[in-house]
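Reader: Please show me the model. I want the reasons behind the labels.

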Amino acid sequence: MGIWEQTGYDVRLDWGAEGVAALGRECAVLIVVDVLSFGTTTDLVVGRGGRVLPVRWRDERGVAQARAAGAVIAGEGRFTLRPSSVTEIPPGTLLALPSPNGATLCAAAAATGARVLAGCLRNASAVAAKAHELGGPVGLIAAGERWGVHLTGDTFGPLRPCVEDQMGAGAIAAALAGSGRSLSPEAALAARSVDVAALASCVSGRELTEAGHGGDVTLAARLDVSDAAPMLSEGVLA
């Protein structure tokens, strides 16, 4: 009956890997939204003429392959998953970006056969325009956080839906609605939730700020300041 796929709507929304599995069955385009921090960092790199190679979290083989391809590995030098670390990244850089949420979901989304985009607040309208151009149903994948992701090993805790990814997905949904696309109730609710001022005071924003990374929150909270629309092709976002 297409209940889980939200059949009948042009734009749909779900969360995490489970959302990829559900929406990937029918959507031609999947947009991975991980505002703090994979999506924002990717936007900044691509906006400066670089490319991002998403690497599954704790995938040593993936890191080795990225290194063999000539990629700079985030976390091994000046560039990291933090947006503030890439604001001056040289054009042409291929950055391998391991991430437990955004990068891992990009790989899962690509496996469905859908076209994959990486979105955030900064590039919401640009990504929406690209998805509209590609055509077909669009699935917004709000990444969320995983409880216990800091623990050693490969087992993470359950999904924690989060304010920042709800807002990022909502901003993209609102832009798609402006292009005449119909929104599922899930996407429509997200579109009404965009309040970038709340980013600094939500749990994730406070966590980063208290760890001394308030500048990353400020970068992530800027709405529609970028015309980059990172799309995955042959495993690379550009």
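Author: Cysteines come up below, then a pair of helices. This is a predicted model, where local features need pLDDT of at least 70, side-chain atom pairs count only at pLDDT 80 or more, and totals for chains, interfaces and linings use all residues. Residues are numbered from 1 along each chain as its sequence is written, and side-chain values use heavy atoms, leaving out hydrogens and water.

Reader: How do you know how many disulfides there are?

Author: A disulfide is a pair of cysteine sulfur atoms within 2.5 Å. By that rule the count is 0. For Cys 106, the nearest cysteine sulfur belongs to Cys 120, 12 Å away. For Cys 162, the nearest is that of Cys 202, at 7.5 Å. Neither Cys 106 nor Cys 162 is in a disulfide.

Reader: What makes Cys 106 count as buried or exposed?

Author: Buried means under 20% relative accessible area, exposed over 50%, partly exposed in between (1.4 Å probe, protein chains only). Cys 106 has 1% relative accessibility, so Cys 106 counts as buried. Cys 162, with 4%, is buried too.

Reader: Why are helix 1 and helix 4 called roughly parallel?

Author: Their axes cross at roughly 15°. Angles under 35 degrees count as roughly parallel, over 145 as roughly antiparallel, 65 to 115 as roughly perpendicular and the rest as oblique. Helix 1 and helix 4 are therefore roughly parallel. The axes of helix 1 (residues 16-23) and helix 4 (residues 102-110) come within 10 Å.

Reader: Which residues of helix 1 and helix 4 meet?

Author: Contact means heavy atoms within 4.5 Å. Gly 16, Ala 17 and Val 20 of helix 1 meet Leu 105, Ala 108 and Ala 109 of helix 4.

Methods
Axes fitted to C-alpha atoms, helices over the stretch in contact; angles between N-to-C directions. Helix = DSSP H or I, 4+ residues; strand = E, 2+ residues; numbered from the N terminus.
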